Amino acid sequence: MEMNFILLLAIIVLWASVVHGAIGFGFGMISTPLVALMADIQTTIIFMLLPTMAVNILSIVSEGNFFEALKKFWFIILLMVLGSALGTVLLVYSNSEFFKLLLAAIIFLYLLQGFVKIEATFVSKYPKSSTYGLGVFGGIISGLTNVVAPLMIMYTLEMKYSRKDTIQLSNLCFLFTKIGQIAVFVFYGTFTLDTLGISIFTVLVVCIGMFFGIKIKKRIDVKYYTKILKGLLFIIASFLVINTIFN
């Protein structure tokens, strides 16, 4: 693995984890498209596995009540793990550049939610079917892109979950889907010892970034900072689309 790639990977992970620590979200949506500008989508997802898990674990610990949340959301977590495993198998066999466009589309959908209220009334009308849908379909999207925030936001808003429940559900789903993805990649021989070594290094970077992010959390205007982040996400997603189409 080229040293330049590892250095850029570390810088991206550091920045994304500082942002996540400061405002409580953003790690996957920042780091995944940026790394995807340098590598194919399968390589990107593989290198995002352990650092994403580290962010999720730190967030879960900070929120507390792990087992209570796990007991409450175990079914949708299980469905999402199964969906993510299916998406990962599809990624291993195809590794299509189209999935980068899907990643960009998910980010654009998230940004659109900030300007237009996207209602998903069918979620509250058909909660069981919606749970199956989010679990399986959301899991597949997560397995292919490492990002599923817009779908999770629509689901939790319609289900009237509290902010704490939303955070715990998101982190638990991501944590267990990443474990499932690692199992799939190991089975197909694409998660190697070299990958593990670099990933462990990025986990250390994540811990440093989260530490500083949490430290500056009380010193920044979260709403203003979030607006800047959304502008940067729009630029990043646009570059990803252009790079994928014309590369």
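How many aromatic pairs does the structure hold? Here are a few notes on that and on one helix packing, bearing in mind that this is a predicted model.

1. To take the opening question directly, there are 10 aromatic pairs in the structure. One of the pairs is F187 with Y188: the ring centres lie 5.1 Å apart and the planes stand at 90 degrees, so this pair is edge-to-face.

2. You may like to look at the surroundings of these two rings as well. F187 has a relative accessible area of 66%, which makes F187 exposed because the cut-off is over 50%. Y188, at 31% relative accessibility, is partly exposed.

3. Elsewhere among the aromatics, F73, Y155 and Y161 come together as one aromatic cluster.

4. Now to the helices. Two packed helices are described by the angle between their axes and the distance between the axes. For helix α2 (residues 27-36) and helix α11 (residues 222-246), the axes approach within 9 Å and cross at roughly 25 degrees. Angles under 35 degrees count as roughly parallel, so α2 is roughly parallel to α11. The crossing of α2 past α11 is left-handed.

5. Which residues of α2 and α11 meet? On the α2 side they are M29, I30, P33, L34 and A36, and their partners in α11 are L229, L233, I236 and L240. Sorted by class, this contact of α2 with α11 has nine nonpolar residues, with no polar and no charged ones.

Terms used: Residues numbered from 1 in each chain as written. Predicted model: local features only at pLDDT ≥ 70, side-chain atom pairs only at ≥ 80, totals over all residues. Heavy atoms only, no water. Axes fitted to C-alpha atoms, helices over the stretch in contact; angles between N-to-C directions. Helix = DSSP H or I, 4+ residues; strand = E, 2+ residues; numbered from the N terminus. Parallel < 35°, antiparallel > 145°, perpendicular 65-115°, else oblique. Left-handed = near helix turned anticlockwise from the far one by under 90°. Contact = heavy atoms within 4.5 Å. Nonpolar A, V, L, I, M, F, W, Y, C, P; charged D, E, K, R; others polar. Phe/Tyr/Trp six-rings, centres within 6.5 Å; stacked < 30°, edge-to-face > 60°. Buried < 20%, exposed > 50% of the residue type's maximum accessible area, 1.4 Å probe, protein only.
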